[in-house]
Amino acid sequence: MAQKIDGAERAARAAHLKERIYLSFAALAVVITLSTHGHVSAGEAATTLIVTVMGTLLAVFTADLISHLVVHERLFTRPELRHALASSFGALGTVVLPFVFLGFAGLDAWSTDAALRASAIALLASLIVVGWIAVRRMPLTWFQRLVALGAEAALGLAVIGLQVLAHG
């Protein structure tokens, strides 16, 4: 059963989910690109991924700031700034596993290729989980939820396919 939430809470939830989706797709693209180049070390992969992650988060935060300025004709208030920072940088949780996997590779417990492959799987799973979080409280039938989650998974697989095609 769908739980009723107000517009502000709905917007806050949407912002949190949106940042996680952006970051997951950006990280997925980088992980796939790194895995197709071959002979990359775990340290190089982790460095490339952290630079991408931080660049993406800063870009998202900058977009939030600029759009806020345009809409409200003022800077963030303290609560708005906390919300924007939490939305943007709270998305870091979606990329923890790739760094854990690359850490294992750095300790020679895994190969870098295996860590990158596991990272791609984890990021795709993360997209599906974020999608589930988005649709679980909506008044949709189980079939509509399945279609929404399937579409998101298909888009994740399309990112993988495009990256392999571009760098393969």
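Trainee: In which loop is D108 found?
Mentor: In this predicted model, D108 has a phi of about 65 degrees, a positive value although the residue is not a glycine. Its place in the chain is the loop between α4 and α5.

Trainee: Is D108 buried or exposed?
Mentor: A residue counts as exposed when its relative accessible area is over 50%. The relative accessible area of D108 is 70%, and therefore D108 is exposed.

Trainee: Which residue with a positive phi follows α2?
Mentor: The residue lies in the loop between α2 and α3, and its phi is near 55 degrees, although it is a residue other than glycine. At 73% relative accessibility it counts as exposed, the cut-off being over 50%. The residue that follows α2 is E73.

Trainee: How far apart are the end C-alpha atoms of α2, and why does that agree with the expected span?
Mentor: The helix α2 has 31 residues, and at 1.5 Å a residue these should span 45 Å. The distance between its end C-alpha atoms agrees with that expectation, because it comes to 44 Å.

Trainee: Which elements do the buried residues of α2 pack against?
Mentor: The buried residues of α2 include A42, A45, L49, V53, T56 and L57, and further along the helix V60, F61, D64 and H68 are also among them. As a general point, an α-helix has 3.6 residues a turn, so residues three or four places apart point the same way. The elements that the buried residues of α2 pack against are α1, α3, α4 (96–106) and α5 (112–135).

Trainee: At roughly what angle do the axes of α1 and α3 cross?
Mentor: Two packed helices are described by the angle between their axes and the distance between the axes. For α1 and α3, A12, A15, H16, E19 and R20 on the α1 side meet H83, A86, S87 and S88 on the α3 side, and these residues divide into three nonpolar, four polar and two charged. The two axes come within 7 Å of each other and cross at roughly 35 degrees.

Trainee: Which element gives the largest share of the lining of the second largest pocket?
Mentor: The second largest pocket has a volume of about 280 Å³ and is lined by 13 residues, with D64, S67, H68, F76 and H83 lying nearest its centre. The elements that give two or more residues to this lining are α1 (7–37), α2 (42–72) and α3 (78–89). The largest share, five residues, comes from α2.

Trainee: How many charged residues are there in the lining of the second largest pocket?
Mentor: D64, one of the residues nearest the centre of this pocket, is also among the buried residues of α2. Taken by class, the lining holds four nonpolar residues and five polar ones, and the number of charged residues is four.

Trainee: Is R145 buried or exposed?
Mentor: R145 is found in helix α6 (residues 142–167), and, leaving aside residues up to four places away in sequence, it touches W132, V135, R136, R137, M138 and L140. Its relative accessible area is 18%, and the cut-off for a buried residue is under 20%. R145 is therefore buried.

Trainee: How far apart in space are V164 and A29, C-alpha to C-alpha?
Mentor: V164 lies in helix α6 and, at 40% relative accessibility, counts as partly exposed. Not counting residues up to four places away in sequence, V164 touches I32 and T36. V164 and A29 are 135 residues apart in sequence, while the distance between their C-alpha atoms is 9.4 Å.

Trainee: What separation do the C-alpha atoms of G150 and I128 have?
Mentor: G150 is also found in helix α6, where at 37% relative accessibility it counts as partly exposed. G150 and I128 are 22 residues apart along the chain, and their C-alpha atoms are separated by 8.3 Å.

Trainee: What percentage of the contacts in the protein with a separation of 6 or more is accounted for by residues 24 or more positions apart?
Mentor: The protein has six helices and zero strands, and its C-alpha atoms fill a box of roughly 50 × 40 × 30 Å along the principal axes. Buried residues make up 36% of its 168 residues. Of the contacts with a separation of 6 or more, the part accounted for by residues 24 or more positions apart is 70%.

Methods:
Residues are numbered from 1 along each chain as its sequence is written. This is a predicted model: local features need pLDDT of at least 70, side-chain atom pairs count only at pLDDT 80 or more; totals for chains, interfaces and linings use all residues. Side-chain values use heavy atoms; hydrogens and water are left out. On a 1 Å grid over the protein atoms alone, a cavity is a set of points where a 1.4 Å probe fits but cannot get out, and a pocket is an open set with protein on both sides within 12 Å along at least five of seven lines; lining residues have an atom within 4 Å of a point. Grid points are joined across faces, edges and corners, and a volume is the space filled by probe spheres set on the points. Helices (H or I, at least four residues) and strands (E, at least two) are DSSP runs, numbered from the N terminus. Ala, Val, Leu, Ile, Met, Phe, Trp, Tyr, Cys and Pro count as nonpolar, Asp, Glu, Lys and Arg as charged, and the others, Gly among them, as polar. Buried means under 20% relative accessible area, exposed over 50%, partly exposed in between (1.4 Å probe, protein chains only). Contact means heavy atoms within 4.5 Å. The expected span of a helix is 1.5 Å times one less than its number of residues. Axes are lines fitted to C-alpha atoms, for helices over the stretch in contact, and angles run from 0 to 180 degrees between N-to-C directions.
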